Structure formats: C-alpha cells, structure tokens
Amino acid sequence: MYLNALHPWPLIRTISVNGEGSITVPPNYALLQIEVTTEGSEVEEAQQRNAAIMNQVIQSILELGIPRENIQTAAYNIFPRYDFVDGKQVFRGYEVTNAISVKIPDVSMVGKVIDTAVRNGANRISSLEFRLENEDAYYQRALSKALINAQLKSNTIAETMRLSVSPQVIEVVEEKEGSPIVPYRAMLMESSTGATPIEQGVITIIARVTVKFQY
C-alpha cells in the first residue's frame, strides 16, 4: 500500500478556553490563637505566673462548652529581655509566652470566647481565621460550574466561527488553589470593655480549569 504524499492529513482544529466557577458560603468553624505573656526577673517566676494564668484561661474556655480536644498548644517561648541605658544593654528579666489554638465549631461564639479569655488573663489574640470543615464538597460544586463555563465559551466560539462539527474535549487542566480562609489581624487585648464584635463574613471557593476542545 502506498500513501499519496500530495494528499494532506485531516486538519485538526483545537480551541483552548479557560473556565471559572465559584461558590460563596458562610464559614462553619473558626481557629483562634490566644496568648498569655508574662515577665519576671527570674525565668521560673515568669513561667509559674504564665502557667497559672493560662490554666485559668483554658478552664474558662472549657466552661463555655468548647471540647478539650479542640484546644492545643500552638507555641511556647522564653526570651531574655533587655533595656538600653546610656547606650548599654541592661538585663531586665525574662518574658514567657504561651499560645493555644482553639477550634470553635459555632462561629457565633468567637466574640464570647475572646472576651472570656481576656477576662481571665489572656493579653493577645495573635490570629483568627474562619474556615470550612467540608471544603471539598463545596469545591466540587465550584469545579462543576467552571467546566460548564468552559463548555459555554467553546459553544460561543464554535457558533461565532460557524464550526459545524460538535467539539470534543481532549484535555482538561485543573488549577487547584489553596484552602480558602478569612483571616483577621492580631489584636492586643488589655481589657474587656464589652462584647467584642466579630463579623465572620463569607468564604468564596473558586475553581479554575483550562479545557482544550477538538473540532
């Protein structure tokens, strides 16, 4: 069998389009990092004061109904502190910082947890993030929207260019992003003067794809 070199191969036409889909939902849990910082001329003194205050903070959070397994140590640091007097470094004592991470299943309780912790001795909220427990289920819905969006774009192109053959998908590339969170800045808490207002906002989950069609 001989092939006619003058006969061209069938022309393969491809179109690549980007598709995007999004789902906006309220968060269903919060991660709160609470810190207790104490100072003392001796390291043992600062540690003992810190431990007493942190135990009181943890107990107060437990009394709000937060499960103990939702509370864990996030960081523990001891630093020497110095002052500068007449250009010289003068030892002042030690600073001890103990940080705990608290998972709050009911996001409406975040302000109450903060106020309770502060009343019981916490002096810094170093981070607050609102998150989704079942993120993947929402992402799958966003991904479906992204694929439909890509299909609609390809149909528009085909109709506009008057391509008679229905497009066939030959490649799909998913552009996966990181877990969505709603972050808050750190807050120094010196005293509690009333209920702390916390707005949980919403979380937007975005899925993006690049789809190649063949005509």
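## A three-stranded sheet and two nonpolar cores

In this predicted model, three strands form an open sheet in the order β1-β9-β6, and their pairing is antiparallel. The strands β1 (14-25) and β6 (168-175) stand at the edges. Each of these two has a single partner strand, so one side of each is left without a neighbour in the sheet. On average, and with direction ignored, neighbouring strands of the sheet are turned by 25° against each other.

Strands in a sheet are paired by backbone hydrogen bonds, in a parallel or an antiparallel manner. Here β1 and β9 (residues 203-214) run antiparallel and are joined by 12 bridges. Within this pairing, Asn18 stands opposite Thr210 in β9.

A helix also belongs to this picture. Helix α3 (residues 135-160) packs on the sheet and touches β1, β6 and β9. The direction of α3 makes about 145° with that of β1.

The largest nonpolar core has 25 residues. Ile34, Ile61 and Ile104 are the residues with the most contacts inside this core. The elements that give two or more residues to it are listed below.

| Element | Residues |
|---|---|
| β2 | 29-40 |
| α1 | 43-62 |
| β4 | 88-104 |
| α2 | 110-119 |
| β5 | 124-131 |

What does Ile61 touch, not counting residues up to four places away in sequence? Its contacts are Ile34, Ile66, Ile71, Ile100, Val102 and Val113.

A second core is separate from this one and has 19 residues, among them Val17, Leu143, Ala150 and Tyr215.

Terms used:
Residues numbered from 1 in each chain as written. Predicted model: local features only at pLDDT ≥ 70, side-chain atom pairs only at ≥ 80, totals over all residues. Heavy atoms only, no water. Core = buried A, V, L, I, M, F, W, Y, C linked by side-chain atoms within 4.5 Å. Buried < 20%, exposed > 50% of the residue type's maximum accessible area, 1.4 Å probe, protein only. Helix = DSSP H or I, 4+ residues; strand = E, 2+ residues; numbered from the N terminus. Contact = heavy atoms within 4.5 Å. Pairing = 2+ DSSP bridges. Axes fitted to C-alpha atoms, helices over the stretch in contact; angles between N-to-C directions.
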